[in-house]
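Work through the following exercises with the sequence and the coordinates at hand. Each task is followed by a solution in steps.

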Amino acid sequence: NLSQRLGAVVKNLRGQGRLTESNIQDALREVRVALLEADVALPVVRDFIARVKERALGQDVLSSLTPGQMLIGIVQKELAALMGEQAAPLSFAAQPPVVYLMAGLQGAGKTTSSGKLVRMIRAQGKKKVLLVSCDVYRPAAIEQLKTVAAQAEADFFPSSPDQKPLDIALAALDYARRHFFDVLIVDTAGRLHVDEAMMQEIRELHAALKPVETLFVVDAMQGQDAVNTAKAFGDALPLTGIILTKLDGDARGGAALSVRQITGKPIKFVGVGEKLSGIEVFHPERMASRILGMGDVLSLIEEAQKGVDQAEAIKVAKKLKTGKGFDLDDFKSQIQQMQKMGGLGGLIDKLPGMGQLKAGDLAQGEKQMRRIEGIINSMTPKERQQPEIIKASRKRRIAAGAGVQVQDVNRLLTQFEQMQKMMKTFSKGGMAKMMRGMKG
Ligand code: GDP
Ligand code: MG
């Protein structure tokens, strides 16, 4: 893991005030190796290192950091930036039915991802989705999509191996129009390798269907090969986004950087399992940390030291430990501290073995944290200290003040009660220990 390997390099460099060619040389070499080990393509690595170097040279080293640590910070930021902003959600910006075209090699995960997308589409609202397979080369492929559609509870437009892909696609589009579907997902055939016939076929499908999303599905485990595939598909089709599958395998995510760099298109989703639930929205920072292998407690503590008001942390830790006197103000300050550390996602990424948590759950959690903060802000100090006095009329006032429903206030109070209960468990170790750890 990169941060471990850097440890040795970094030690010799303590106490230097500036990043220079010589004091980052060893560290940069380690970064290079880490990226290559993570399967980032060589030309991408070269460009990247040059860019980081340019960025880093001459920068003052913060007093609390070594040049190596400082450099890692720059590397991580640059990596995230290279992988782009968080991608836009799936587009519905066309006359329905909007068409999503799936493109990629055989085995990349197009059929599986077609089913997974149904879930992502439904997360954006109530939609009627139709699935169709244009994979006429393997009869089992059509059956497979049928099964996937049933699992995803989406409609399936039947096709057969003796039809032409374009005819199937047009018939499905016509059907989707007449039956008022919102979305038509067109699964296509892949080949084992890029070949001209396949590219021709998918170009024709693209021209006829005018999809709002042309999604390039690519297997993260393909590593370096992903680059060539991405280039071929990117040249043949105006891609709108990428789905990077099988990230649950041992791939270290380097393909994410390469594919993004080569196509210039955003990674929208990552596949993290064979089941239809195995899909997540792509987060550049998390992927950057993953590529660098930075999921360690050390960096958690580092950030904690940066962002957390230590006196406050100790105070809360004490209350957590005893479970006594923990009120809504403490609850709020805990939430704020979590946000300082980069939100739930940032925190969880830094705990070993927890990087695989569902992105959707996290986004939801973070939204929830902000809402909770808003509600607590609308309470009087007395209410925060003695939540039990919050009855119906106070709830209405608080809800109005925070711009939420009374039931949201109720939910918060219930959560707070649960938290108090949970603290009894935490006080035996867990959370309290963690908060003590943050003292540094
Ligand atoms: P297609 O040929 O592009 O349609 O690929 P499939 O959807 O048939 O997927 C090929 C294989 O990869 C199947 O066994 C899938 O279960 C598996 N697969 C697809 N996506 C993922 C993923 O994100 N994680 C894992 N572990 N397996 C996946
Ligand atoms: Mg398939």
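The exercises below treat confidence, the sheet, its helices, the ligand shell and two backbone features.

This is a predicted model, in which local features need pLDDT of at least 70 and side-chain atom pairs count only at pLDDT 80 or more, while totals for chains, interfaces and linings use all residues. Residues are numbered from 1 along each chain as its sequence is written, and chains are lettered from A and ligands numbered from 1 in the order in which they are written.

**Exercise 1.** Assess the confidence of the model.

Solution.
- Step 1. The mean pLDDT (the predictor's confidence in each residue, from 0 to 100) of the chain is 80, and 75% of the residues score at least 70.
- Step 2. Residues 350-358 have pLDDT below 50, and this stretch has 18 contacts beyond near neighbours in sequence; two residues are in contact if their C-beta atoms, placed from the backbone, lie within 7 Å.
- Step 3. Residues 429-440 likewise stay under 50, with 22 contacts beyond four places in sequence.
- Step 4. Where pLDDT is low, the predicted coordinates should not be read in detail.
- Step 5. For the complex, the predictor reports an ipTM of 0.99 and a pTM of 0.66.

**Exercise 2.** Determine the strand order of the sheet and identify its edges.

Solution.
- Step 1. Take strands (E, at least two residues) and helices (H or I, at least four) as DSSP runs, numbered from the N terminus; two strands pair if DSSP finds at least two bridges between them.
- Step 2. The eight strands form an open sheet with mixed pairing, in the order β3-β2-β4-β1-β5-β6-β7-β8.
- Step 3. Because β3 (155-157) and β8 (279-281) each have a single partner strand, one side of each is left without a neighbour in the sheet.
- Step 4. From one strand to the next, the twist averages 25°.
- Step 5. β1 (residues 98-103) and β5 (residues 213-219) are parallel, joined over four bridges; Leu-101 has Thr-214 of β5 as its bridge partner.

**Exercise 3.** Describe how helices α7 and α9 lie on the sheet.

Solution.
- Step 1. Angles run from 0 to 180 degrees between N-to-C directions, with axes fitted to C-alpha atoms, for helices over the stretch in contact.
- Step 2. Helix α7 (residues 165-178) lies across β1, β2 (129-133), β3 and β4 (183-187), at about 165° to β2.
- Step 3. Helix α9 (residues 225-236) touches β1 and β5, and makes about 165° with β5.

**Exercise 4.** Which residues are closest to ligand 1, and how many surround it?

Solution.
- Step 1. Count residues whose C-beta atom, placed from the backbone, lies within 6 Å of the ligand.
- Step 2. This gives 19 residues, the closest being Gly-109, Lys-110, Thr-111, Thr-112 and Gly-271.
- Step 3. Helix α5 (residues 110-123) supplies the largest share, three residues.

**Exercise 5.** Locate two backbone features in loops.

Solution.
- Step 1. The peptide bond from Pro-96 to Pro-97 is cis, with omega near 0°; Pro-97 is in the loop between α4 (67-82) and β1.
- Step 2. Phe-180, although not a glycine, has a positive phi of about 55°, and belongs to the loop between α7 and β4.
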